[in-house]
Amino acid sequence: MDQAPGSTPTPLTPAPTPPPIWQRPVSRRTVLATAAGGAGAAALAALWRGGSLAQVLNRVQGLTHTYEGVFSSERTRVAHLLRRAGFGASPQELDRLTGMGTAAATNALLNYQQTPNQQLEASLPGFDPTVTSNGGRQASALQAWWLTRMVGTARPLEEKMTLFWHGLLTSGLDKSGPGQLYQQNQLFRRTAMGNFDDLLKAVSKDPAMMVYLDTETNRNGKPNENYARELMELFTTGIGHYSEDDVRESARAFTGWTLGRGKQRDALTSTFVARYHDEGVKTFMGKTGTFTGDDIVDMLVPLRATAERLTTRLFSYFAYPNPEPEIVQHLADVFQKNGYNVGAVVKEILTMDAFYSPKAYRALVKSPTEYVAQTLRAVGATSVSAPAVAATGQMGQVLFYPPNVAGWPAGASWINSSTLLTRINFAAGVAQKAAPASTFKGLPGLIDTFIDGNVTPSTRDALTQAATGTGQIPVTLMYFVLATPEYQLN
Amino acid sequence: MFSRRDFLKQGLLPVFAGSAVPSVFANGLAASAADSPNTAPSNRVLVLVQLAGGNDGLNTVIPFQDATYHDARPTLRQDQGVLTLNNQLGLHPNLKALKAQWDAGQLAVVQGVGYPSPNLSHFASMSVWETANVKGGFGDGWLGRYLNYLDQVGESPNHTLEGVSAGSLVPPEMRSKTPVTALQSLRNFRLQKVNEHGTMVDVENPLMQFYGGFSKAGPAPYAAILDTTLQEALAASHGLQATDASYVAKATYPANSPIANSLKLVAETIVSGLGVRVAHVTLGGFDNHAREKPVHDKLLLDLDQALGAFMADMQGHGLADRILVMTWSEFGRRVNENGSAGTDHGTAAPMFLLGAPVKGGLYGEAPSLQSLDNGNLKFTTDFRSVYASVLQGYLNAPASDLLGGTFETLPLLKS
């Protein structure tokens, strides 16, 4: 917060620092916000009622105060953007994008199709999806392959959206094969910013999903409810918008698709077999017809509940949890007016004021994947070691192995004594390896790269003391910065 | 008043006692060394085993004489080798250790457990069981409330290890403001030292300063939870390092079995005398909509062998009188198997309670296979009755307060 955009970090101790945001005089808005909080939820609800989106956004800006003014720095805006829409940045990358300015940097992130990524593709560890033996080694290779992509990609939003879909339209190694999950991952990457109905139709026929939620066995006369239920409960409308009869009837509609290549469970293709499909009349959500699975998707995607649920999830992923109803309604409108295009919603989120409101700053907990990938990306790692892959698991997130079909719970559930120790110990390992060769410009450079130069005064004091007390101790300083509470947040 | 931070800073918290075993850990070791049963409530441990995904109750406690069962399960029925409990019911053939517990009078089977207006969503139903609230939601878990109660009545000397779960995340039923420790290994639960060109750097005090300063600086999201979590992590790691690390299993746990590894970790935690009161382990994979039989058979085999080893280990350490194990799952499965040789989501299912404190036998009423609700069993025992029985009869805690209502208790436990 105390770095001018693009400026060289200044030495810490002698330079007078402006008062940190939390020590600035309390503003009238802060007082109002506190009063509203004190009066409880009713007062707050009254404050929201009937406001236009612009008014709401003003209130979002005003209601949180700890980080007020933090986004006046262009460098902080870009760093925030890169953390949320990607996996952080090296100092050089942050310099370059800050130089472009927030608007241009956002456009570059969004239009990633135009950014060549050959350097990454050339450097990736090989992964052959057709290998079906040696499942354990294949699974580890797959995890390393994806984490390497996150660390090295020139198209960070592409990987970030792929991770979003993996957490929403889940499949996992507990049932699906590594090769199938590789293919699903590539499907998510290809359609990451496309139309939601197209993605759902493709996922319904995706071998990894068909194994994970049993559509591969869903047959005429022998319906299997698993996929139909989760499609509604988790992927589209959410609970409360469908009946048990809707589950049973739509399961019949999804019959017909099965795995290809001799129907082996590790098949990488799927195929439609007419005699497996239930051609009978189904009644779904009050409509009657000889529906197929695609018809069910076509009925679910336009529902307002689907729009609200998906956009809430996207906003919570990129900006902050529990968005205001007005924001959800606005984003649901964007989704529906743009033919259920996900890219349009993502673009809207990344460019709306709420995304750069104090409420959004450090409002998310870094997921284990983000913690590991951001750290390695910032120190310029070009490969990902097996211990780094294992560390994400010990922090609570095994890629391609969500705890269940609901994906990973986010936020506070990432933080417990065990996972926090693992994070801090991971920081020790990285610092031990990366610090001696690093080009960070001392403590200010480290703080600038990892925590926007925005650090609690007492932490800054302690770090400064560590830096000056014992002379040059790059390992310890890098470790400490990676271990700060500020860096656990996103 | 000293805060916990002050204690930590000054090294006054008992868990900092270094090589000597602090008094707060003495209970477990004393009981273990003397090999004398001590069933005072403060020494009792509840081990919760979650069967995640919805266990097929009808293929776990099997109504093998019921023609309806045979008709409903043309490919999935278990008609060979059922371990009979009486002339109607038998355990799945792979539940041999549980059958031995039954024969020893130490297995209670509560039949038809569920709740009114059952929800067939995994997550909605899990949250009902976890919160002991039929509305579900994200409130405190029922065991979290129990741990919080211990804290309030001053029975929580460690503040971090009364509740432990095996794995990387804390399960929702242990959620409350009272900390719970997720354990992946006792040995690795510690802060790594940082080696700065051969010098080992003190990292603890600076870290405490960072996290404390951040939480005091202003009302920022997650600042408080990060601070308390760091303190919990340091306290727990010191506690773990201060204990007798000489645990040797007195039973052979099966290899390559995650549930066995989890229970072994729980055993180590209990034997090490860390003051654990509630432990949680999870066995997942029960959501078998297709090709259920081989998967379910294997899961029950793993469960049974792991539980058998765990109970023998506790017995070997003279701790059997202090251990109650209880299994639960978010729901059972549909009575009729589906066309994929699997079963879809269902409702009521049996629960197991095992261990020396249990009065073995069948409890509750077996649900009718004829009188169904949309193809699903009608529950006969409310799961909160089982919780109330355990809270009141075993943990000596005010069940009605903790469950937000009074539920009929079952005589599952020796008094």
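**A note on helix α9(A), the A–B contact and strand β10(B)**

1. A good place to start is helix α9 of chain A, whose buried residues pack against α4 (74-84), α6 (102-110), α8 (135-152), α10 (178-190), α16 (304-318) and α19 (368-378) of chain A. Helices here are DSSP runs of H or I with at least four residues, strands are runs of E with at least two, and both are numbered from the N terminus. A residue is buried if 20 or more other C-beta atoms lie within 10 Å of its own, exposed if 12 or fewer, and partly exposed in between, with C-beta atoms placed from the backbone.

2. Please keep in mind that this is a predicted model, in which local features need pLDDT of at least 70 and side-chain atom pairs count only at pLDDT 80 or more, while totals for chains, interfaces and linings use all residues. Residues are numbered from 1 along each chain as its sequence is written, and chains are lettered from A and ligands numbered from 1 in the order in which they are written.

3. Back to α9(A): 11 of its 13 residues are buried, among them Pro156(A), Phe164(A), Trp165(A) and His166(A). The helix covers residues 156-168 and should span 18 Å at 1.5 Å a residue (the expected span is 1.5 Å times one less than the number of residues); its end C-alpha atoms are 19 Å apart, which agrees.

4. For the wider setting, chain A holds 25 helices and 4 strands, and 55% of its 490 residues count as buried. Two residues are in contact if their C-beta atoms, placed from the backbone, lie within 7 Å. Of the contacts in chain A with a separation of 6 or more, 74% join residues 24 or more positions apart.

5. Next, the two chains together: 53 residues of chain A are in contact with 53 residues of chain B. On the side of chain A that touches chain B, α21(A) gives the most, with 9 residues. That side divides into 22 nonpolar, 22 polar and 9 charged residues (Ala, Val, Leu, Ile, Met, Phe, Trp, Tyr, Cys and Pro count as nonpolar, Asp, Glu, Lys and Arg as charged, and the others, Gly among them, as polar).

6. Finally, do look at strand β10 (residues 278-284) of chain B: 5 of its 7 residues are buried, so the strand is largely enclosed by the rest of the structure. Strands pair if DSSP finds at least two bridges between them. Strand β1 (residues 45-52) of chain B pairs with β10(B) in the parallel sense over 7 bridges, and Leu51(B) has Leu283(B) as its bridge partner there. Strand β6 (residues 163-166) of chain B also runs parallel to β10(B), joined by 3 bridges, with Ser165(B) opposite His280(B).
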